[in-house]
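Trainee: I would like to learn how to read a ligand site, a cavity and a salt bridge from coordinates. Can we go through them in turn?

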Amino acid sequence: MPHLYESRKRILVTGGAGFLGSHLIDRLLAAGHEVICVDNLFTGTKRNIEHLHDHPRFEFTRHDVCFPLYVEVDEIYNLACPASPIHYQHDPVQTTKTSVHGAINMLGLAKRLRCRILQASTSEVYGDPEVHPQREDYWGRVNPIGPRSCYDEGKRCAETLFFDYHRQHGLPIKVARIFNTYGPRMHPADGRVVSNFIVQALQGEPITIYGDGSQTRSFCYVDDLIEGLIGLMASADGFTGPVNIGNPDEFTIKELADKVVGLIPTNAGIVRKPLPQDDPRHRRPDISLAREKLEWNPTVSLDEGLIPTIEHFRGIAAPQRGDLRPSTNGGSTRWANRH
Ligand SMILES: NC(=O)c1ccc[n+]([C@@H]2O[C@H](COP(=O)([O-])OP(=O)(O)OC[C@H]3O[C@@H](n4cnc5c(N)ncnc54)[C@H](O)[C@@H]3O)[C@@H](O)[C@H]2O)c1
């Protein structure tokens, strides 16, 4: 994309050392913007942004969004939050704090700067849905007291805060409900199904299927997702969302396992384990609103997207489960990343 100096913005990305945040930053820098990446490295890693170390328009600040932040920017993408169940259940109180206090702090900053702010919300706000596929006007079916609630309810509360800042203070907000996304730089031990299957196949371990494998998921390739987020930030003034961003192609977990085994032949077979509590049976976005308002459509098929994702995992020393260990840093617990 050609860069015009007048259109250069200074953009804050919270959670920028994470999987999605680091891809978003790459795209924003390529478009000629300045980027401030704020991250406490709880699940993110410097490795995701090390290629930007000497970039003249990139800055990294180690900071926890639960505390106020004072920077001058033109736009804010609020992505800071552990996203996989293994990570967000490790310290559930901190997870809710990150969603809620983080939203309050970033909204306060946006209010002072009168700037656009985008929230990385999630399909988890729909909980274990009774309607399928999920549209944005579906209010969800969420357990408020279960092990996933710290994330689901934290994200729901963050959405509430975004809309109250919009109604009460006229803040220009954008809320994206992100569905399962995969691609290079996923954390190899985040326990999510795509990374699980790939790491297990690469290590010659049996692939673990929870339940009978007939539960369905849809998988969005990271480049498509980032395109959707940038399109949402640039969308018309009055458009706030929430808007689903995800790939509506639906696969059973067994189908995903077969695809991975097709690309990484292994004789180790499949082991079955019981379904975790509150695990949704079906998850598929209705993306009519994104198609209409953002003219956005995912373009990368699962077969295409799995190839660079597998290459990414081949290129790192994939840790065993036991290597995903909590460690303390400045009073807050974080995951030690070997990569
Ligand atoms: N990846 C997906 O499929 C998916 C789906 C739905 C929603 N999302 C949302 O998108 C965002 C990014 O997800 P991701 O997959 O890149 O996860 P990730 O764990 O790779 O990235 C999250 C980043 O936030 C940082 N972080 C966590 N707590 C923080 C805090 N208190 N202060 C500052 N930084 C903090 C982490 O260190 C990490 O770098 C999250 O908000 C997540 O809820 C992701």
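**The shell around the ligand**

Mentor: Strand 5 gives the largest share of the shell around the ligand, three residues. Keep in mind that this is a predicted model.

Trainee: Which elements each supply at least two residues of the shell around the ligand?

Mentor: Helix 1 (19–30), helix 3 (92–113), strand 5 (116–122) and helix 4 (149–169) each do so.

Trainee: Which of the 30 residues around the ligand come nearest?

Mentor: Leu20, Asp39, Thr43, Tyr151 and Lys155 come nearest. By class, the shell is made up of 14 nonpolar, twelve polar and four charged residues.

Trainee: How do I read the polar side of the site?

Mentor: Look for N or O atoms of the protein within 3.5 Å of an N or O atom of the ligand. In the side chain of Asp39, an N or O atom is 2.5 Å from an oxygen atom of the ligand. A polar side-chain atom of Lys155 is 2.8 Å from a ligand oxygen atom. With Gly44 the backbone takes part: one of its N or O atoms lies 2.9 Å from an oxygen atom of the ligand.

Trainee: What percentage of the ligand's area does the protein bury?

Mentor: The ligand taken alone exposes 810 Å², and the protein buries 97% of that.

Trainee: Next, empty space. What is the general idea?

Mentor: Rolling a probe the size of a water molecule over the atoms shows where empty space is left. In this structure there is one cavity of 30 Å³ or more. The largest cavity has a volume of about 30 Å³.

Trainee: Which residues line the largest cavity?

Mentor: The lining consists of Asn78, Ala80, Cys81, Thr98, Ser99, Gln119, Ala120 and Lys155. Helix 3 and strand 5 are the elements that give two or more residues to that lining. Its classes are three nonpolar, four polar and one charged. Lys155 thus appears in two places: in the lining of the largest cavity, and among the residues that come nearest to the ligand.

Trainee: And salt bridges?

Mentor: Side chains of opposite charge can pair when their charged atoms come close. This structure holds 20 salt bridges. One of them joins the side chains of Glu124 and Arg283, at 3.4 Å from N to O.

Trainee: Why does the pair of Glu124 and Arg283 tie together parts that are apart in sequence?

Mentor: Glu124 sits in the loop between strand 5 and helix 4, and Arg283 in the loop between strand 13 (270–273) and helix 8 (288–294), so the pair links parts 159 residues apart in sequence.

Note on methods:
Residues numbered from 1 in each chain as written. Predicted model: local features only at pLDDT ≥ 70, side-chain atom pairs only at ≥ 80, totals over all residues. Heavy atoms only, no water. Near = heavy atom within 4 Å. Polar contact = N/O pair within 3.5 Å; in protein donor to acceptor, adjacent residues only side chain to side chain. Areas by Shrake-Rupley, 256 points an atom, 1.4 Å probe, with all protein chains shown as cover. Helix = DSSP H or I, 4+ residues; strand = E, 2+ residues; numbered from the N terminus. Nonpolar A, V, L, I, M, F, W, Y, C, P; charged D, E, K, R; others polar. 1 Å grid on protein atoms, 1.4 Å probe; cavity = no way out; pocket = protein on both sides within 12 Å on 5 of 7 lines; lining within 4 Å. Points joined across faces, edges and corners; volume = space filled by probe spheres on them. Salt bridge = Lys/Arg side-chain N within 4 Å of Asp/Glu carboxyl O.
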